[in-house]
Amino acid sequence: MTSSAVSTAVELINAPLLYKGKVRELYDLGDEVLIVVTDRISAFDYVLDPAVPDKGNVLNRLSAFWFGETKELIENHVVHIDVDRLGDIVKDREALKNRIMVVRKAQRIDIECVVRGCITGGGWRQYQETGKVNGIGLPKGLRKNAVLDEPIFTPAAKNDVGHDEDIPFEQMQELIGAELALELKEKSLKLFAFAREYCNDRGIILADCKFEFGLLDGKVILIDEIFTPDASRFWAKDKYALDIEIDSMDKEPVRTYLSASSWDKNSKPDPLPPEVVEETSRRYLDIYHRLTGKSL
């Protein structure tokens, strides 16, 4: 069932706005934070119009699903996802019922923890130029989209402005300390292995993904979102091939449309056509159903 798109929740929440990202809005609840996942969509560093119906619902519910599936592997920040427990903090419960998550406040570790199981995207571009990804030497002769013998951990330093910066593991150790860096690497690889097997059993290849971690009372916990189409690259097994741009199970229709248009990439593009919005919404609902076995 397709719902109306929610491009912002600012008028629907009786709590101070802490942060407004490209997709998520964070509201201050004192000891906790309310995350509202909107239907905003971004590509090539621009937030686009219009918002995509159900996108935020899928991202939020899929994260909640994965946080539940992985809680034995690592503690996470989730308190609950029940809009009814928020009382008069929420003005329109129906509009926000699938898109809220109340979480514990943690100190974000400013490293994006990326795991790559296949050589594609930015990793492929690095490999073509240097034979390495984030300083990790890989075998010669790999082809685009090849499955790596062992997944690799390729962190990035988070920048609140502009792109995150790919860094070698040694630099990550210098930034946050060797012991913490090793813990994040081990946890990231373990999470990736768990999800890759889960996806594989459902006809999906998890090509790569990213995690964010925080510190709460000195302990590392998992925060933000996990294994969503916005934080992972999912490929349908029946679409997999070497040496091509694989049609990934996310906002690919938007990227394809913009790349084929006359847009100059230096200013916000014109609104997306209805058919592109509808196909993108369908993609998000489809990956949710394929991963969870449920419909929204």
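Ile205 stands opposite Trp235 in E17, and that spot is a handy way into this predicted model. The strands involved, E15 and E17, pair in the antiparallel sense over 5 bridges. Trp235 itself is buried, at a relative accessible area of just 2%. From there, the briefing moves through the strand pair, the open sheet with its helix, the salt bridges and the aromatic rings.

**Around E15 and E17**

- E15 covers residues 204-216 and E17 covers residues 232-236.
- 4 of the 5 residues of E17 are buried, so the rest of the structure largely encloses this strand.
- A salt bridge also links the two strands: Asp208 meets Arg233, with the closest N and O atoms 2.9 Å apart.
- Asp208 sits in E15 and Arg233 in E17, so this contact ties together parts that are 25 residues apart in sequence.
- The two partners come out in separate accessibility classes: Asp208 is buried at 8% relative accessible area, while Arg233 is partly exposed at 26%.
- Trp235 has a ring partner too, namely Tyr240: the ring centres are 5.9 Å apart and the planes make 40°, so the pair counts as tilted.
- Tyr240 is partly exposed, at 27% relative accessibility, whereas Trp235 is buried.

**The open sheet**

- Five strands make up an open sheet, in the order E1-E2-E3-E7-E6 and with antiparallel pairing.
- At the edges you'll find E1 (17-20) and E6 (78-80), each of which pairs on one side only.
- On average, neighbouring strands here are turned by 30° against each other, ignoring direction.
- E6 runs antiparallel to E7 (residues 100-104), and 2 bridges join them.
- If you want a landmark on that pairing, look for His80, which stands opposite Val102 in E7.

**Helix H1 on the sheet**

- H1 (residues 55-69) packs on the sheet and touches E2 (24-28), E3 (32-37), E6 and E7.
- The direction of H1 makes about 45° with that of E7.
- The helix length checks out: at 1.5 Å a residue, its 15 residues should span 21 Å, and the end C-alpha atoms are indeed 21 Å apart.
- H1 is mostly covered, with 12 of its 15 residues buried.
- The buried set mixes side-chain types; among them are Lys55, Asn57, Leu59, Leu62, Phe65, Trp66 and Phe67.

**Salt bridges**

- Searching the whole structure turns up 25 salt bridges.
- One of them joins the side chains of Lys268 and Asp49, at 3.0 Å from N to O.
- Lys268 belongs to the loop between H6 (252-260) and H7 (274-292), and Asp49 to the loop between E5 (46-48) and H1, so the pair ties together parts that are 219 residues apart in sequence.
- Both ends of that bridge are partly exposed: Lys268 has a relative accessible area of 43%, and Asp49 comes in at 39%.
- Asp164 and Lys158 make another salt bridge, with 3.6 Å between the closest N and O atoms.
- Here Asp164 is partly exposed at 26%, but Lys158 counts as buried at 17% relative accessibility.
- That pair isn't on its own: Glu112, Lys158, Asp164, Lys210 and Glu212 are joined into one network by salt bridges that share partners.

**Aromatic rings**

- The whole structure holds 11 aromatic pairs.
- Tyr46 and Trp263 form an edge-to-face pair, 5.6 Å centre to centre with 80° between the planes.
- Tyr46 lies in E5 and Trp263 in the loop between H6 and H7, so the pair ties together parts that are 217 residues apart in sequence.
- The Lys268 to Asp49 salt bridge also involves the loop between H6 and H7.
- Tyr46 is partly exposed at 22% relative accessible area, while Trp263 counts as buried at 14%.
- Elsewhere, Phe65, Trp66, Tyr198, Phe211, Phe213 and Phe227 form one aromatic cluster.
- Two members of that cluster, Phe65 and Trp66, are buried residues of H1.

Definitions and conventions:
Residues are numbered from 1 along each chain as its sequence is written. This is a predicted model: local features need pLDDT of at least 70, side-chain atom pairs count only at pLDDT 80 or more; totals for chains, interfaces and linings use all residues. Side-chain values use heavy atoms; hydrogens and water are left out. Two strands pair if DSSP finds at least two bridges between them. Axes are lines fitted to C-alpha atoms, for helices over the stretch in contact, and angles run from 0 to 180 degrees between N-to-C directions. Contact means heavy atoms within 4.5 Å. A salt bridge is a side-chain nitrogen of Lys or Arg within 4 Å of a carboxyl oxygen of Asp or Glu. Buried means under 20% relative accessible area, exposed over 50%, partly exposed in between (1.4 Å probe, protein chains only). The expected span of a helix is 1.5 Å times one less than its number of residues. Rings of Phe, Tyr and Trp (its six-membered ring) pair if their centres lie within 6.5 Å; planes under 30 degrees apart count as stacked, over 60 as edge-to-face and the rest as tilted.
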